[in-house]
Each structure stands twice: as structure tokens, then as C-alpha cells.
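The exercises below are worked through one step at a time. Try each task before reading its solution.

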Amino acid sequence: MGKRSQRKNAAMFDSDDDTSSVSSSSTIRSDRMSVSGMDEVETHKDVLLDQALDALYEKRSSTREQALASIVDAFNSDLQHEFAEKKFATLLHQCVNCIKKGSSRETFLATHVIGLLAMTVGLGDQAHEILEESVTPLSQALRSGRDSLKISSILECLAIITFVGGTAPEETERSMQIIWQMIHPKLGANVVAAKPSPAVVTAVVSSWAFLLTTVDQWTLSSKLWQEIVSYLSSLLEKDDRTVRIAAGEALGLIFELGILEKFSAEAKRSNGSVQEGNVTQEALTHMHGLKAKVTNQVRDLSVEAGGKGSAKKDLNSQRNLFKDLLEFLEDGYSPESSTKIGGESLQTTMWCQMIQLNFLKHFLGGGFIKHMQDNEFLQDVFGFTPKKKFAGGEPRMSQGEKRMFRSPNSALSKARTQFLNKQRMLAESKNSGHYFTGEDD
């Protein structure tokens, strides 16, 4: 038989009509072309990432910025586990260099890459290495920076890499102190002299509160906690709505973590003692007074008519947040939320969960849904199990699974070929040795 007949017979199903045979042959070719196309796309993506990584060595800042932007897009659109595993050290080192010598935009992009890298590798030694290698250059960049975009991106990066890579309470507290010092000099002298912009204040409070969700033990003195609550209360009076919202979330978290209960328990233990660090009855009374003040502020903000703050779209967000906070402060009910991820809902029932969710959604932007669907680290954070998606009757598979099961050289494809050959032989037997002789279209 000629090659043409062999090709047709190899593609034959148990069918007696021309249309079915041609369709079956076309389906197999289409499947193979689809797999080949997917492999080519993946290879192309890998090549582009390698080229972007190489471009980080270039002297032109604009070239490095473009390369960093492409890396951010790649890590947002898909989980680059293989690339992160192979090029982890090089990518981290080059991003740190970009932070040290680059423009504000280059720093913004490089810090975002570092954060995405940490979220991609997940818990473990690599995430801890990212934190240890980055914390000093990030802290130094904060001291030398003035641009709001640059400072905010550094703060958010530090929060992310500490959230993923911090393995000891001391590491988390170190990062929280670095962050807080940007707006509250009383906690340290390592601060930028210029008055921080509303964007920076929002980034500081949000990043600090994000890390506070991971703190199990209270190590700050009662005096510092009073200063923190008092300062956050003062932020509720600011004109910028994003500042007020960030402060409100942080206050909700602090009271959810039991600041008043802690003060009350320690005041009873101290029993009039004035030793340093002890909570006195006076301090407890002061904290109760602060809570009462915050409650009144929150009540006013929950019904604000507008005009205070420039972004009207934030007004409803502010009202909803402070209605939830008022209900929590007065009645103890934490806010609940539901976010659709594919066919499943991600539920939050506590301030700490809501703060984590909002921060990660903000950091990942358009990549949040993809990461929630495929990133096991994030799924573990929220206890979320994504719904398996189906397309064309088949479960959605990873790229590795596609190569394993859909490749022409896979065991499944070989088994399918054997089945087709068996069907061909049965058909030949039924037709007394006559082969299908239909012409190609």
C-alpha cells in the first residue's frame, strides 16, 4: 500500500461512512497540532522570559524597565514555577541591583517582580532567602527615596516577602518596624524627613496591618500600642479617603486581636505595679477612652454625606467599611465577604482575612484570579479549593500534564494509536480485505 492509504488506515475508526473517517483523521491531526501549538507557546514564553532576564544586565534604564514589565506580565498571567526554579538566584540578584541603581519606575517594577517571585516559590528556603537578601537594600532605598510610587512599592514588596518568607517573629517585627518608621518617627529615627504623601501613608498602614495579621504574640509595650491606636485614630480625620479606609481596617484588626482584653488581663496581673512594660489601670482606662473616641469617629464616617475626599467612587467603600467597623466595635460582629473565583466562592469572616485578601488583590491586580486558581500557597492562606474547570468534556490540565497525556509520544497517545489499528483490522475483516478508498477533500 502507498503512504496515502497507510495514513488513512492509521486514522480509521470503526465506521462505515466517508465523513466519519475523514473527521476522525482531522480530529487527530487537530489534537496533535493543538498540543504542538501549546508547546510552542510555552517555549516562546520561556524564551521571552530568558531574553527579559538577560536585558536586566543592559545599561539603559529604559531597556531594563521594559524587561521588568514583561516579567511582571508573565508572572501575573501564569505561575512561572519552572523559570523561578531555574533562574531564581539570578532574577533576585538583578532585581536587587535595579532597586539600588534604577529610577523610581524601575524600582517599582523590580520590587513587584521580587514580590511575585516570592509568591511563586511559596513557603520554604527560597522565600526566606528572598527576604534576607532584599530587606537591607529595600530599607536603604526607603531612606534615600522621595517619590511616592517608589516608596509605596518598596513597602508593599517588603510586606509580601515577609508574609511569605518570614520564619520567625523577629523577622516579621523587623519588617513592621521598618514600615512604620516611614510615618511615625517616635518608633525610630530611620525615617524620611519629608512629610509623607497620602499614598505613602496608605501604603504604610496597609502593609503594616497586613503583617500584623500574622503576629501571634504581642511584644510591643502598652505605651507603644496606645500611640499606635491614637495615631490611627488621627488618620480617621484626614481628608484622603484611602488613608481613612486603611486606618479603619487596621483599627478593626487591632481590636479583633484583643488589645483591650490584653490590657485588661495585664492590668489585673500588675495589680498597681509600675514596672516598665506593665499595663496600669490608667493605661487600660486610656485605651477604653481611645476605643470610645474611635467608635464615634467611625459612626460619623459611616454616614458621611460626601465632600471630604476627592474620589467619589471611594465614598460607598468608606461607608460600607465603617458600617462594618461600627457593628464590630459595638456588637462584636466581624465583617463577612464573598469573592467569586471561577466556579467557587472565597469566603472571609474576620478582619484579618479581609485585610489579607484586599492587600493581595491590590498587589496582584489582574493576576489575582489566576493565582488563586493555581497558586497553592495562596490557596493554603485562605483555605480555598478551586473548582476544576472543564472544557470540551475534559478536566483542565497543567502544562506538564498536557505534555504527559496529550503528546503524540505519550503512553495515552500510543494506546490510542493501538486502539485505532485494532479497529482498522476489524473493519478490514468485515469488508473482506477491501480498504476504504474515499478521496481526500
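**Exercise 1. An aromatic pair**

Are Phe-163 and Phe-377 buried or exposed? Then classify the geometry of their rings and place the two residues in the fold.

Solution.
- Step 1. Both residues are buried: Phe-163 is, and Phe-377 is too. The model is a predicted one.
- Step 2. The ring centres of Phe-163 and Phe-377 are 6.1 Å apart and the planes stand at 80 degrees, so this pair is edge-to-face. The cut-offs used are centres within 6.5 Å for a pair and planes over 60 degrees apart for edge-to-face.
- Step 3. Phe-163 belongs to helix 7 (residues 148-165) and Phe-377 to helix 17 (residues 376-382), so the pair ties together parts that are 214 residues apart in sequence.
- Step 4. Phe-163 and Phe-377 are also members of a cluster linked by ring pairs, together with Phe-210 and Phe-359.

**Exercise 2. A second ring pair**

Describe the pair made by Phe-328 and Trp-351, and decide whether each residue is buried or exposed.

Solution.
- Step 1. The rings of Phe-328 and Trp-351 are 6.1 Å apart centre to centre, with 70 degrees between the planes, and the pair is edge-to-face.
- Step 2. Phe-328 sits in helix 14 (residues 313-331) and Trp-351 in helix 15, so the pair ties together parts that are 23 residues apart in sequence.
- Step 3. Buried means under 20% relative accessible area. Phe-328 has 11% relative accessibility and therefore counts as buried. Trp-351 is buried as well, because its relative accessible area is 0%.

**Exercise 3. Two packed helices**

At what angle do helix 11 and helix 15 pack, and how far apart are their axes? List the residues that make the contact and sort them by character.

Solution.
- Step 1. Helix 11 (residues 241-256) packs on helix 15 (residues 351-364) at an angle of about 145 degrees, and the axes are 9 Å apart.
- Step 2. The crossing of helix 11 past helix 15 is left-handed.
- Step 3. Helix 11 contributes Glu-249, Gly-252, Leu-253 and Glu-256 to the contact, while helix 15 contributes Trp-351, Cys-352, Met-354, Ile-355 and Asn-358.
- Step 4. Sorted by character, the residues of this contact are five nonpolar, two polar and two charged.
- Step 5. Trp-351 thus appears in this contact and also in the ring pair with Phe-328.

**Exercise 4. Three single residues**

Locate Ala-203, Arg-244 and Glu-171, and describe the surroundings of each.

Solution.
- Step 1. Ala-203 is part of helix 9 (residues 198-212). Its relative accessible area is 5%, so Ala-203 is buried. Leaving aside residues up to four places away in sequence, Ala-203 touches Ser-152, Leu-155 and Glu-156. The C-alpha atom of Ala-203 is 9.8 Å from that of Leu-149, a residue 54 residues apart along the chain.
- Step 2. Arg-244 is found in helix 11. Arg-244 counts as buried because its relative accessibility is 0%. Between the C-alpha atoms of Arg-244 and Thr-202 there are 8.3 Å, although the two are 42 residues apart along the chain.
- Step 3. Glu-171 is located in helix 8 (residues 169-180). With 12% relative accessibility, Glu-171 counts as buried. Not counting residues up to four places away in sequence, Glu-171 touches His-128, Leu-131, Glu-132, Thr-162, Gly-165 and Gly-166. One of these, His-128, is 43 residues apart from Glu-171 in sequence and 10.0 Å apart in space, C-alpha to C-alpha.

**Exercise 5. The whole chain**

Summarise the chain, and name stretches where the model has low pLDDT.

Solution.
- Step 1. The chain contains 19 helices and four strands.
- Step 2. There are 441 residues, of which 45% count as buried.
- Step 3. Of the contacts between residues at least 6 apart in sequence, 68% join residues at least 24 apart.
- Step 4. The average pLDDT of the chain is 79, and 70% of the residues score at least 70.
- Step 5. Over residues 1-39 pLDDT stays under 50, and the model has 40 contacts beyond four places in sequence for them. Over residues 390-408 pLDDT also stays under 50, with 27 such contacts.

How values were computed. Residues are numbered from 1 along each chain as its sequence is written. This is a predicted model: local features need pLDDT of at least 70, side-chain atom pairs count only at pLDDT 80 or more; totals for chains, interfaces and linings use all residues. Side-chain values use heavy atoms; hydrogens and water are left out. pLDDT is the predictor's confidence in each residue, from 0 to 100. Contact means heavy atoms within 4.5 Å. Axes are lines fitted to C-alpha atoms, for helices over the stretch in contact, and angles run from 0 to 180 degrees between N-to-C directions. A crossing is left-handed if the near helix is turned anticlockwise from the far one by less than a right angle, and right-handed if clockwise. Ala, Val, Leu, Ile, Met, Phe, Trp, Tyr, Cys and Pro count as nonpolar, Asp, Glu, Lys and Arg as charged, and the others, Gly among them, as polar. Rings of Phe, Tyr and Trp (its six-membered ring) pair if their centres lie within 6.5 Å; planes under 30 degrees apart count as stacked, over 60 as edge-to-face and the rest as tilted. Buried means under 20% relative accessible area, exposed over 50%, partly exposed in between (1.4 Å probe, protein chains only).
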